[in-house]
Amino acid sequence: MKRINAYAQPAVQWTRIEMLLAAFDGTISRLEKAQSMIERGESTQAQPALLTAQRLVLALYEGIDLRYGEIPANMQKLYLYVLGCIGVGEKLDLPGAIRVMKIIQRGLLDIKDTANELERSGKLSPVTDAP
């Protein structure tokens, strides 16, 4: 065995839904952190968390495929609303953004087992096959 192989990491097999949930977890935690900082009067220190949350929501928005009908179009609207709440819009509304993200997250959690089974059975292509 080569010494370099000792540092090799096993490949992580994420499903689509697991990746989405991780993005939601990261976004919500950063929004809650920023909200806490702002409530303590630390608005400047909250900016990095807000910017990271914006990037995560933009990545979620970018991943939407509108060819699949009304649900993706509605998700786009929700993500735009969240972006408006977290500094891209006129008024900062972190509680509103957190509320919407948690509602979507709960919906994803409700379908997680089914989505994982569809992906693992081959009825839904794995995320590694995405264009």
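Trainee: By class, how many nonpolar residues does the lining of the largest pocket have?

Mentor: This is a predicted model, in which local features need pLDDT of at least 70 and side-chain atom pairs pLDDT 80 or more, whereas totals for chains, interfaces and linings use all residues. Numbering starts from 1 along each chain as its sequence is written, and side-chain values use heavy atoms, without hydrogens or water. The lining (residues with an atom within 4 Å of a point of the pocket, an open set on a 1 Å grid where a 1.4 Å probe fits, with protein on both sides within 12 Å along at least five of seven lines) has three polar and three charged residues. The nonpolar class (Ala, Val, Leu, Ile, Met, Phe, Trp, Tyr, Cys and Pro) has 22.

Trainee: Which residues form the aromatic pair that is tilted?

Mentor: A search of the whole structure finds one aromatic pair (ring centres within 6.5 Å; tilted means neither under 30 nor over 60 degrees between planes). Its rings lie 6.4 Å centre to centre, with 45° between the planes. The pair links helix H1 to helix H3 (DSSP runs of H or I, at least four residues), across 55 residues, and its members are Phe-24 and Tyr-79.

Trainee: What is the relative accessible area of Phe-24?

Mentor: Tyr-79 counts as buried (under 20% relative accessible area with a 1.4 Å probe, protein chains only) because its relative accessibility is 4%. Phe-24 is buried too, and its relative accessible area is 0%.

Technical notes
Phe/Tyr/Trp six-rings, centres within 6.5 Å; stacked < 30°, edge-to-face > 60°. Helix = DSSP H or I, 4+ residues; strand = E, 2+ residues; numbered from the N terminus. Buried < 20%, exposed > 50% of the residue type's maximum accessible area, 1.4 Å probe, protein only.
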